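Student: Please take a close look at one part of this structure with me, choosing a part where the aromatic rings deserve attention. I would like every term explained when it first comes up.

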Amino acid sequence: MPRRIDPPEAAAGAATDPPDEDAEQQALIVRWLEVLGVERRLSPHTASAYRRDLAAFTAWCRRAGLKRWQELDENHIRQFAAASHRGGLDPRSIQRQLSALRGFFGYLIREAVLTRNPAAEVRAPKASKRLPPALDVDRMTRLLEGGRGEAAAPTGEAATMLVRDRAIMELFYSSGLRLAELVGLDLPDIDLNDRTVRVLGKGSKTRIVPVGAQALVAVREWLKLRAGLVEPDNRAVFVGRKGRRLGARAVELRVGAWARSNGLDVKAYPHLFRHSFATHLLESSQDLRGVQELLGHANISTTQIYTHLDFQHLARVYDQAHPRARRRTR
């Protein structure tokens with residue numbers, strides 16, 4: 001049994017040296033992150049988080065006297081997770097740490113560095129399920145309608161950006177897109193005639209979702225103005241003032257600014273539209289599986305959290321729908 005290592009700073013990821021300070025060991029981490037960027041189209045935010053997680057783990061390994069990846073076993077991974085927990089890291093962050101380790105060790109197996117994954121069976125402490133916030137229909141409508149008079153007849157750059165921002169938010173709410181999905185949209189992904197949008201979601205999974213009537217109008221208005229900002233070979237749907245593809249951070253800032261200017265009493269961010277989209281659809285349709293497909297969730301349990309489902313509702317759906325759940329009449 002290796003000695004216990006419990007430094008509070010293990011969870012912070014302050015040090016970045018590999019276990020034996022060998023550049024080749026650190027290069028494996030860099031190459032894995034590069035592979036994730038290509039194979040899974042990992043967002044910069046997630047890649048940065050994984051990099052910090054692996055930095056924290058390699059620092060912990062160095063203090064534990066572990067110099068090679070081959071020395072690791074499940075006990076080491078559990079000790080690291082426990083140290084992170086005692087250092088103040090919340091269960092969700094520890095889950096992400098372990099996810100990063102499982103993915104990295106899986107890569108080392110592919111590269112014939114390891115023969116087994118020491119993190120495969122290690123689980124983080126259970127995290128409490130937090131219900132995501134969502135705007136009610138009235139507040140969402142006020143938010144989307146805000147500033148319409150200013151942007152109805154664009155006369156300058158600021159008004160053009162308002163048209164773009166409305167198209168962004170209408171599309172977020174209409175189709176339940178993730179931030180990375182929206183900023184990655186190219187012109188061929190939007191079919192105005194069919195009223196659909198094709199998005200590349202997590203795990204490089206493609207799905208096609210409908211675009212509502214109001215979003216369709218907003219996107220059409222934006223595309224007319226977009227043509228004057230970009231070069232002919234630019235495929236990005238949403239661009240900035242200089243005609244370059246709009247980045248995720250820029251969209252976050254624009255959403256927040258729009259909400260503040262329209263007096264929204266909660267903090268607004270892109271995922272708030274996705275939460276609201278899912279909540280309102282489920283309230284209207286009670287079609288959990290359909291909402292799951294529209295959101296692009298691999299696991300239906302994720303959809304349950306997003307849409308504020310409780311067990312009693314699921315039980316009613318089961319009792320009404322499952323052929324072996326209904327009582328036989330005599």
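Tutor: What follows is a walk from the whole chain to its ring pairs and then to two helices. This is a predicted model, in which local features need pLDDT of at least 70 and side-chain atom pairs count only at pLDDT 80 or more, while totals for chains, interfaces and linings use all residues. Residues are numbered from 1 along each chain as its sequence is written, and side-chain values use heavy atoms, with hydrogens and water left out.

The secondary structure of the chain comes to 14 helices and three strands, where helices (H or I, at least four residues) and strands (E, at least two) are DSSP runs numbered from the N terminus. Of the 330 residues, 42% count as buried; buried means under 20% relative accessible area, exposed over 50%, and partly exposed in between, with a 1.4 Å probe and protein chains only. Among contacts between residues at least 6 apart in sequence, 62% join residues at least 24 apart, a contact being heavy atoms within 4.5 Å.

Now to the rings. A pair of aromatic rings is described by the distance of the centres and the angle of the planes. Rings of Phe, Tyr and Trp (its six-membered ring) pair if their centres lie within 6.5 Å, and planes under 30 degrees apart count as stacked, over 60 as edge-to-face and the rest as tilted. Searching the whole structure in this way gives twelve aromatic pairs. One of them joins Trp-60 and Phe-80, edge-to-face, at 6.0 Å centre to centre and with 65° between the planes. Trp-60 belongs to helix H2 (residues 44-64) and Phe-80 to helix H3 (residues 74-86), so this pair ties together parts that are 20 residues apart in sequence. Both Trp-60 and Phe-80 are buried.

A further pair is made by Trp-69 and Phe-104, whose ring centres are 5.2 Å apart with the planes at 75°, so this pair is edge-to-face. It links distant parts of the chain, since Trp-69 is in the loop between H2 and H3 and Phe-104 is in helix H4 (residues 91-110), 35 residues apart. Trp-69 is buried at a relative accessible area of 1%, and Phe-104 is buried at 0%. These residues also belong to a cluster, in which ring pairs link Trp-32, Tyr-50, Phe-57, Trp-60, Trp-69, Phe-80, Phe-104 and Phe-105.

Trp-32 of that cluster leads us to helix H1, where Trp-32 is buried together with Gln-25, Leu-28, Ile-29, Leu-33 and Leu-36. These residues cover an arc of only 130° around the axis, which puts them on the same side of H1; the arc is that of the directions from the helix axis to the C-beta atoms. An α-helix has 3.6 residues a turn, so residues three or four places apart point the same way. What covers the buried residues of H1 includes H2 and H4, whereas on the other side of H1, Ala-23, Glu-24, Glu-34 and Val-38 are exposed. H1 itself (residues 23-39) has 17 residues and spans 24 Å from its first C-alpha to its last, close to the 24 Å expected at 1.5 Å a residue, the expected span being 1.5 Å times one less than the number of residues. After H1 comes Arg-41, with a positive phi near 50°.

For another helix to set beside H1, turn to H10 (residues 248-261), which has 14 residues and reaches 20 Å from its first C-alpha to its last, close to the 20 Å expected. Its buried residues are Val-251, Val-255, Gly-256, Trp-258 and Ala-259, and these fall within an arc of 160° as seen down the axis, so they line one face of H10. The face turned away from this buried side carries the exposed residues Arg-249, Arg-260 and Ser-261.
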